[in-house]
Amino acid sequence: MSELLRRNAKARDMKRATTTLCLCPASAIIKAGRALGAGRIHNIRKAGFHMSRLGDMIHNERVSRGLGAKQVAKLCGVTEKYLLEVEAGGRIINDDAARRILKSMGKTDELVSDFEASSTGEPSRPAPARRAPESVPEAVAAASSEPVALSSFFEAMGGVVRRVPVLDGAGKEIAHRLLPTENGKIEGAPPEKVFYLSCPDSSMRGYRLRPGDLLLTVPASQATDGATMVLVELGARKVRRVTRQDGGRVLLQWFDAEPQSKVVPEKDVQWAGRVVRCEFPL
C-alpha cells in the first residue's frame, strides 16, 4: 500500500513539474507576441497617419488651387484613380512621389520640407505666411488653373520637359504629352513646332499605322524621299509615304485594303511635317 502511495505521489510531482515547464515558456511567448503585435500595430498606425497626412496635404493643396484630380494626375503622369486613393490615405506613396505631386502644383520646396519635418516628429520652422487667395469666379478659375500649374511645372523642370500638343485630323488639339528636350530641341526641331498627330484613319494600315496611333511629327517644308509625311488636303491632315520623282513631282502612297498611289507636283502639296516616331498602346 505504501509503495502504491509513493508511486502516486511521484506521478503527481512529475505532472506538476511538466505543467510548470510547459506553462512558463508559453506565457513568455504569448507575452512577447503581444508586445511584438503592439509594436507592429503602432508602426502600422504611425505609417497610416503619415499616409493620411500626405494625402490630406495633396488634397488641400489641389482644392485650394482650384485644380481637378484629372488635371493634377495628367500633370504628374499618374492615373486619376491613383491620385484619389493617395488623397484618401488608402494608397502607399513615398515622400519623393508626394514631393513631385506637390511641386507640380506649385508648392515650394520650403513648405514641402516643413511638412516632411513635422511628419517625422522633428522640429520644424514656422511656415511663411501665405496671402489669402483672391475670390475668382469658378469659370475663370477653371479656365486659368491648368496653364498656371503647367507653368510652375515647367519652371521646376528647368525647361527640360516641353508640352507637345496632340492634334486630330482637323488640326484641333485634343490632348498633350510631355517630352524631354535635348539641347533645347525635340528630335532636332524647335519644341514649339513639334506635334503629335492622332492617326486619323486606316489608310496607312498596310504600313502598320492604325487609327489612333500617335505620330510624332517635326516641321518640314519639302518632301523627304522615302519618308512618312503629314500633308494638308482640303483642310484635313493625311499621312502618306513619299517618294521624290524627276520634274519636281512626288509619288504619294497609301495602303488600306490594297496599295494605292498618285503622282502630283510637289509645289501643289502643303506639307505639315515629317513623321519621326509612332507611339501606340499595347
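# A quick tour: helices, a core and an open sheet

Right after helix α2, G77 takes a positive phi of about 75 degrees. That's one small detail of a predicted model, and there's plenty more to look at. Helices α1, α2, α3 (80-87) and α4 each put at least two residues into the largest nonpolar core, while nine strands make up an open sheet.

**Helix α2**
- Helix α2 covers residues 69-76, and its buried residues are A69, V72, A73, L75 and C76.
- Those buried residues take up an arc of only 160 degrees around the axis, so they sit on the same side of α2.
- Look at the face turned away from that buried side and you'll find the exposed residues K70 and K74.
- As a rule of thumb, an α-helix has 3.6 residues a turn, so residues three or four places apart point the same way.

**Helix α4**
- Helix α4 runs over residues 95-104, with A97, A98, I101, L102 and S104 buried.
- Seen down the axis of α4, these buried residues fall within an arc of 165 degrees, so they line one face of the helix.
- Just after α4 comes G106, with a positive phi of about 95 degrees.

**R62 in helix α1**
- R62 belongs to helix α1, which spans residues 2-64.
- Buried means under 20% relative accessible area, so R62, at 9% relative accessibility, counts as buried.
- Setting aside neighbours within four places in sequence, R62 is in contact with L67, G68, A69, V72, L83, L84, E87 and M105.

**The nonpolar core**
- The largest nonpolar core has 17 residues.
- I58, V72, L83, I93, I101 and M105 have the most contacts inside this core.
- V72 is also one of the buried residues of α2, and I101 is one of those in α4.
- In soluble globular proteins, nonpolar side chains tend to be buried together.

**The sheet**
- Reading across the open sheet, the strand order is β2-β1-β3-β4-β9-β5-β6-β7-β8, and the pairing is mixed.
- At the edges stand β2 (173-180) and β8 (259-265); each has a single partner strand, so one side of each is left without a neighbour in the sheet.
- From one strand to the next, the twist averages 40 degrees.
- Strands β1 (residues 161-167) and β3 (residues 195-198) pair in the parallel sense over two bridges.
- Opposite V166 you'll find Y196 in β3.

Note on methods. Residues numbered from 1 in each chain as written. Predicted model: local features only at pLDDT ≥ 70, side-chain atom pairs only at ≥ 80, totals over all residues. Heavy atoms only, no water. Pairing = 2+ DSSP bridges. Helix = DSSP H or I, 4+ residues; strand = E, 2+ residues; numbered from the N terminus. Axes fitted to C-alpha atoms, helices over the stretch in contact; angles between N-to-C directions. Buried < 20%, exposed > 50% of the residue type's maximum accessible area, 1.4 Å probe, protein only. Arc of directions from axis to C-beta. Contact = heavy atoms within 4.5 Å. Core = buried A, V, L, I, M, F, W, Y, C linked by side-chain atoms within 4.5 Å.
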